[in-house]
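Student: Hey, I've just opened this one and I don't know where to begin. Can you walk me through it?

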Amino acid sequence: MSDGESNAMDVDPIPSSAKGKGKAVTTQYTEDETLPWVEKYRPVTLDDVVSHKDITTTIEKFIEKNRLPHLLFYGPPGTGKTSTILAMARRIYGSGYRKQILELNASDDRGIDVVREQIKQFAETRTLFSKGFKLIILDEADMMTQAAQAALRRVIEQYTKNVRFCIICNYVNKITPAIQSRCTRFRFAPLPITEVEKRINTVIEAEQVKLTEDGKKALLKLSKGDMRRALNILQACHAAYDMTSETEIYACTGNPLPSDIETLVNSMLSDEFSTAFKLISTMKTERGLALQDLLTGAYEYAETLDLKPHARVYLLDNLATIEYRLSTGGSEKLQTTALLGVFKNTVELTTRN
Ligand SMILES: Nc1ncnc2c1ncn2[C@@H]1O[C@H](COP(=O)(O)OP(=O)(O)OP(=O)(O)O)[C@@H](O)[C@H]1O
């Protein structure tokens, strides 16, 4: 049986029983309770993809005019790149779309010979559809070596007649210019907090999550525009607690509470060196804080402090240096004392005329 003859064996991940029910959710999602929410609430149609209306509208036009170019989606994690291309595939091929696409991830063997062979087989051995082309999705393409990308460029050209490529990555500058120029680029920006909130509200209602207002605020802050992160935190908290407030959100993610950060930074600014150091050490042990978390929190809190411009520049520059040292294996203890020293010098720079 050629793939083009029948889609009888294709399984639409959205069971028909789940279609057309519910109020708040525009499209219905699978009822499989075991699924992670990121999958359960993955956008089904292009309309479900929030925030990137300019991108989805352009793609709709490409489809309507049957002029789909090769695509390059880039942007930070959890912003809807994979969801968009899957919704697009469903829009083009219908529920049997899985058979019309080839998805290759970084975890698959991506030696260029393997890729070439897979693509060749996919492009050549399947019957062509009236739609005219098949879709190959290369996810996490920024993990491909330069050599593999160079070979890919030839492959793209070779199969342009009946295959469209969608290249997905986080860092577009890691994709060779030759490939970039063969694709239409779309940037997926971090999702605005209001859009994450709308979507989260839908899930909260559907799953009957008990989340306080300060809990929601903390969740949105920690999501940083990454919907996957927001959904994962929400699901973890829902599983772990009957009622989720700010404290549970921070406990669940291992992030320090803003009030703890405030106490620590204020101590570094005004207490004796040894008193502040003792407080940091105690809190690090009791709350299981890592210096990296403390640094991030201190950086955010420092934005609210009233500092002279040159003192602020000094502080930010040195926070960045400590972060760099930490990431290259610097000792936690030494860098903690360095952090303390940085805050002390900042105070001095601010109070000096
Ligand atoms: N724009 C969006 N609209 C609706 N849901 C979204 C959006 N972006 C992300 N999500 C949710 O987050 C999950 C992860 O999204 P997706 O896999 O599309 O992200 P991605 O941009 O491809 O991330 P990565 O770069 O890590 O692969 C989806 O299953 C979906 O539930």
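Tutor: Let's begin with a term: two strands pair if DSSP finds at least two bridges between them. Helices (H or I, at least four residues) and strands (E, at least two) are themselves DSSP runs, numbered from the N terminus. Strand 2 and strand 3 (residues 134-138) are joined by four bridges and run parallel.

Student: Before we go on, what kind of model is this?

Tutor: This is a predicted model, where local features need pLDDT of at least 70, side-chain atom pairs count only at pLDDT 80 or more, and totals for chains, interfaces and linings use all residues. Residues are numbered from 1 along each chain as its sequence is written.

Student: Ok. How many helices and strands are there in the chain?

Tutor: The chain has 15 helices and five strands. Five strands make up an open sheet with parallel pairing, in the order 2-3-4-1-5.

Student: Which strands stand at the edges?

Tutor: Strand 2 (101-104) and strand 5 (184-187) do, each with a single partner strand, so one side of each has no neighbour in the sheet. On average, neighbouring strands are turned by 15° against each other, direction ignored; angles run from 0 to 180 degrees between N-to-C directions, and axes are lines fitted to C-alpha atoms, for helices over the stretch in contact.

Student: Does anything sit on the sheet? I mean, which strands does helix 3 touch?

Tutor: Helix 3 packs on the sheet and touches strand 1 (71-74), strand 2, strand 3 and strand 4 (163-169). Its direction makes about 160° with that of strand 4. Contact here means that the C-beta atoms of two residues, placed from the backbone, lie within 7 Å.

Student: Back to strand 3. Is strand 3 buried or exposed?

Tutor: Five of the five residues of strand 3 are buried, so the strand is largely enclosed by the rest of the structure. A residue is buried if 20 or more other C-beta atoms lie within 10 Å of its own, exposed if 12 or fewer, and partly exposed in between, with C-beta atoms placed from the backbone.

Student: And which residues are on each side of strand 3?

Tutor: K134, I136 and L138 are on one side, with L135 and I137 on the other. In a regular strand, side chains alternate between the two faces of the sheet.

Student: What are the partners of I136 and I137?

Tutor: I136 stands opposite L102, while the bridge partner of I137 is C166 in strand 4. Strand 3 and strand 4 pair in the parallel sense over five bridges.

Student: New topic: where does the ligand lie?

Tutor: The ligand lies between domain 1 (16-187) and domain 2 (198-253), because both give residues to the shell around it. The domain bounds come from an automatic or database domain assignment, which also gives domain 3 (258-351).

Student: How many residues surround the ligand?

Tutor: There are 23, and the closest are P77, G80, T82, S83 and M227. To count as near, a residue needs its C-beta atom, placed from the backbone, within 6 Å of the molecule. Helix 1 (37-40), helix 3 (81-93) and helix 9 (227-240) each supply at least two residues of the shell. By class, the shell has 10 nonpolar, eight polar and five charged residues. Ala, Val, Leu, Ile, Met, Phe, Trp, Tyr, Cys and Pro count as nonpolar, Asp, Glu, Lys and Arg as charged, and the others, Gly among them, as polar.

Student: How do helix 8 and helix 10 pack?

Tutor: Helix 8 (residues 213-223) and helix 10 (residues 246-253) pack at an angle of about 35°, with axes 7 Å apart. Helix 8 brings D214, G215, A218, L219 and L222 to the contact, and helix 10 brings E246, E248, I249, Y250 and T253.

Student: One more: which residue other than glycine has a phi near 50°?

Tutor: That's K224, where the value is positive. K224 lies in the loop between helix 8 and helix 9 and is partly exposed, with 14 other C-beta atoms within 10 Å. N66 isn't a glycine either, and its phi is positive at about 55°. N66 lies in the loop between helix 2 and strand 1 and counts as exposed, with 10 other C-beta atoms within 10 Å.
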